Amino acid sequence: MLPTTSVSSRSQGNGALSPRDAARHTAGAKRYKYLRRLLHFRQMDFEFALWQMLYLFTSPQRVYRNFHYRKQTKDQWARDDPAFLVLLSIWLCVSTVGFGFVLDMGFFETIKLLLWVVFIDCVGVGLLIATLMWFISNKYLVKQQNRDYDVEWGYAFDVHLNAFYPLLVILHFIQLFFINYVIISDSVIGYFVGNTLWLIAIGYYIYVTFLGYSALPFLKNTAILLYPFALLIMLYLISLACGWNFTKMLCSFYKYRVK
């Protein structure tokens with residue numbers, strides 16, 4: 001297991017951080033540094049962010065291994081480089097435009113869809129999930145003997161972004177090639193293909209989220225984060241039995257929202 005260091009243990013010998021080090025380790029200071037780098041593209045490591053996006057599909061454990069290294073070198077679990085968020089935003093915009101094209105939306109309808117997907121589906125839902133997971137993990141999953149440690153909110157949001165990216169690619173890119181010709185048809189194969197893609201996407205989200213929290217050595221019982229798989233599979237089987245087409249329902253919802 002890689003060694004970790006709590007903020008309370010980094011001292012000058014008297015058990016307390018110096019005022020300068022304490023100021024650097026506050027949440028506000030970390031947030032300011034992160035937001036400031038959004039204005040300096042040359043300081044962002046886009047090559048490394050692309051590497052992370054690739055391995056979130058092929059080997060997500062390697063991505064979280066890098067979070068360990070960041071904790072050792074920079075004393076924080078959350079990303080300090082917004083390059084991943086910038087690339088995710090670009091991918092989200094491009095895929096949403098493609099979604100609007102496939103659904104035969106006009107220019108202004110596509111813009112409305114883009115705003116909805118960015119600020120509601122990604123940011124809004126992401127803030128809600130990250131805050132909920134941050135509260136649950138700190139309240140119930142931290143080991144009793146490690147109360148000096150806590151899950152950073154920024155790390156919880158990073159875990160959401162990591163899990164959201166594969167879901168985005170599956171539902172907003174791969175699915176586009178099947179919507180008009182297969183999925184939104186009234187045939188059995190239509191809702192089977194569509195619902196199976198939803199099963200894979202949400203299952204990937206749950207799995208990557210589990211890996212994110214299980215990577216923290218001061219958390220316990222993180223296997224409970226895999227329990228939603230049972231509910232997911234149950235809903236999937238019920239949807240096939242009842243003929244519910246999740247993708248068709250989503251397309252109808254989006255068209256209603258952009259009118």
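**Helix packing, core and second largest pocket**

Apart from residues up to four places away in sequence, Ala 156 touches Ala 130, Trp 134 and Tyr 213. In this predicted model, Ala 156 is located in helix 7. Its relative accessible area is 1%, so Ala 156 is classed as buried, the cut-off being under 20%. A further spatial relation links Ala 156 with Ser 137: the two are 19 residues apart along the chain, and their C-alpha atoms are separated by 9.3 Å.

The protein as a whole contains 11 helices and zero strands. From the N terminus on, the order of elements is accordingly α-α-α-α-α-α-α-α-α-α-α. Of its 259 residues, 44% count as buried. Among contacts between residues at least 6 apart in sequence, 74% join residues at least 24 apart.

The largest nonpolar core comprises 65 residues, and within this core Phe 99 and Tyr 155 touch the most other members. At least two core residues are supplied by each of helix 3 (46–58), helix 4 (60–74), helix 5 (83–102), helix 6 (107–141), helix 7 (153–174), helix 8 (176–183), helix 9 (188–214) and helix 11 (246–257). Helix 7 provides the largest share, 13 residues. In soluble globular proteins, nonpolar side chains tend to be buried together. For Tyr 155, with neighbours within four places in sequence left aside, the contacts are Tyr 64, Phe 67, Trp 77, Ala 78, Gly 212, Tyr 213, Ala 215 and Leu 216. Tyr 213 thus appears in the contacts of Tyr 155 and also in those of Ala 156.

Phe 99, the other residue named for its core contacts, is one of the buried residues of helix 5. The buried set of this helix consists of Ala 83, Phe 84, Val 86, Leu 87, Leu 88, Leu 92, Ser 95, Thr 96, Phe 99, Gly 100 and Val 102. These residues are covered by elements including helix 3, helix 6, helix 7, helix 8 and helix 11. An α-helix has 3.6 residues a turn, so residues three or four places apart point the same way. The length of helix 5 agrees with expectation, because its 20 residues at 1.5 Å a residue should span 28 Å and its end C-alpha atoms are 29 Å apart. Helix 5 is followed by Asp 104, which has a positive phi near 60°.

A contact between helices is also described by Thr 209, which is found in helix 9. With a relative accessible area of 11%, Thr 209 falls under the 20% cut-off and is therefore buried. Residues up to four places away in sequence not being counted, Thr 209 touches Val 159, Ala 163 and Leu 225. The C-alpha atoms of Thr 209 and His 160 are 6.8 Å apart, although 49 residues separate the two in sequence.

The second largest pocket holds about 380 Å³ of space. It is lined by 17 residues, of which Asp 121, Val 125, Phe 164, Leu 167 and Trp 198 are the closest to its centre. Helix 6, helix 7, helix 9 and helix 11 each contribute at least two lining residues. The largest share of the lining, six residues, comes from helix 7, the helix that also supplies the largest share of the core. By class, the lining is made up of 14 nonpolar, two polar and one charged residues.

Conventions
Residues are numbered from 1 along each chain as its sequence is written. This is a predicted model: local features need pLDDT of at least 70, side-chain atom pairs count only at pLDDT 80 or more; totals for chains, interfaces and linings use all residues. Side-chain values use heavy atoms; hydrogens and water are left out. A nonpolar core is a set of buried Ala, Val, Leu, Ile, Met, Phe, Trp, Tyr and Cys residues joined through side-chain atoms within 4.5 Å. Buried means under 20% relative accessible area, exposed over 50%, partly exposed in between (1.4 Å probe, protein chains only). Helices (H or I, at least four residues) and strands (E, at least two) are DSSP runs, numbered from the N terminus. Contact means heavy atoms within 4.5 Å. On a 1 Å grid over the protein atoms alone, a cavity is a set of points where a 1.4 Å probe fits but cannot get out, and a pocket is an open set with protein on both sides within 12 Å along at least five of seven lines; lining residues have an atom within 4 Å of a point. Grid points are joined across faces, edges and corners, and a volume is the space filled by probe spheres set on the points. Ala, Val, Leu, Ile, Met, Phe, Trp, Tyr, Cys and Pro count as nonpolar, Asp, Glu, Lys and Arg as charged, and the others, Gly among them, as polar. The expected span of a helix is 1.5 Å times one less than its number of residues.
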